[in-house]
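Here is a quick walk through a protein model, written for someone who would rather be at the bench. Take a look at the structure first, then read on.

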Amino acid sequence: MARRLAIIIGVNQYQDPTFRPLQFAENDARALTQWLVNDKGGKWSSADVQLLQGAYASRHQIESLTSQVCVNVAEPGDLALIYFGGHAFLDESKGESYLAVADTRYQQPSTGINLLSLA
C-alpha cells in the first residue's frame with residue numbers, strides 16, 4: 001500500500017508586523033494533524049505526519065522538510081499532502097504569489113515560500 005505523507009504548517013505570529021497576527025491557523029493545523037493520525041479519522045501513520053507551527057515554521061525549516069519528504073522519503077505512488085494555515089501575499093512587481101511563513105519579510109517576497117516552487 002502506498003504511503004500517505006503530510007507536512008502540516010500553521011502560523012499565527014509573524015516577525016514582520018506587516019502581517020497581522022492570526023487566531024486560528026495553528027489550532028487548525030494541530031486539529032488536522034490530530035485527525036489524520038486518529039484511528040477514527042484518517043488513520044495515517046503518525047511517523048508520516050509532520051507538524052510545523054509558530055516560530056518553527058520558518059522558510060528554512062519548511063523547505064528542508066519538504067525536500068526531505070518529497071525527494072528522499074516519498075516513492076512513486078505515495079501521496080504527499082502539504083497543508084498551510086497562514087497569510088499569503090502577491091509580489092505585484094513580479095506577479096508571483098507567496099506563502100508568508102514565520103520569518104517572511106513583506107518587503108522581501110523571496111523570504112516567503114513561492115507557490116510555484118511547491119508545484
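Which residues does Leu-52 touch, not counting residues up to four places away in sequence?

## Around Leu-52

Keep in mind that this is a predicted model. In it, Leu-52 touches Ile-8, Ile-9 and Gly-10, and also Ala-57, Gln-61, Ile-62 and Leu-65, once residues up to four places away in sequence are set aside.

## Two nonpolar cores

Leu-52 turns up again in the largest nonpolar core, which has 19 residues. Leu-52 is among the residues with the most contacts inside that core, and so are Ile-9, Val-11, Tyr-14, Ala-57, Ile-62 and Phe-84. As for where the core residues come from, β1, α2 and β5 (96-99) are the elements that give two or more residues to it.

There's a second core too, separate from that one and made of six residues. Ala-6, Ala-29, Trp-44 and Val-49 are included in this second core.

## Salt bridges

How many salt bridges does a search of the whole structure find? It finds two.

One pairs Arg-3 with Asp-48, with the closest N and O atoms 2.5 Å apart. Arg-3 sits in the segment before β1 (4-10) and Asp-48 in the loop between α1 and β2, so this pair ties together parts that are 45 residues apart in sequence. Are the two partners buried or exposed? Arg-3 counts as partly exposed, at 36% relative accessibility, whereas Asp-48 is buried, with a relative accessible area of 11%.

The other brings together the side chains of Arg-59 and Glu-63, at 3.0 Å from N to O. Both residues belong to helix α2 (residues 59-73), and because they are four residues apart there, about one helical turn separates them. Arg-59 counts as partly exposed at 30% relative accessibility, and Glu-63 is partly exposed as well, with a relative accessible area of 37%.

## An unusual backbone angle

Most residues other than glycine have a negative phi. Lys-43 goes the other way: its phi is positive, about 60°, although it is not a glycine.

Where does Lys-43 lie? You'll find Lys-43 in the loop between α1 (25-37) and β2 (49-53). Lys-43 counts as exposed, because its relative accessibility is 56% and the cut-off for exposed is over 50%. The loop between α1 and β2 is also where Asp-48 lies, and Asp-48 is buried at 11%.

Key:
Residues are numbered from 1 along each chain as its sequence is written. This is a predicted model: local features need pLDDT of at least 70, side-chain atom pairs count only at pLDDT 80 or more; totals for chains, interfaces and linings use all residues. Side-chain values use heavy atoms; hydrogens and water are left out. Buried means under 20% relative accessible area, exposed over 50%, partly exposed in between (1.4 Å probe, protein chains only). A salt bridge is a side-chain nitrogen of Lys or Arg within 4 Å of a carboxyl oxygen of Asp or Glu. A nonpolar core is a set of buried Ala, Val, Leu, Ile, Met, Phe, Trp, Tyr and Cys residues joined through side-chain atoms within 4.5 Å. Contact means heavy atoms within 4.5 Å.
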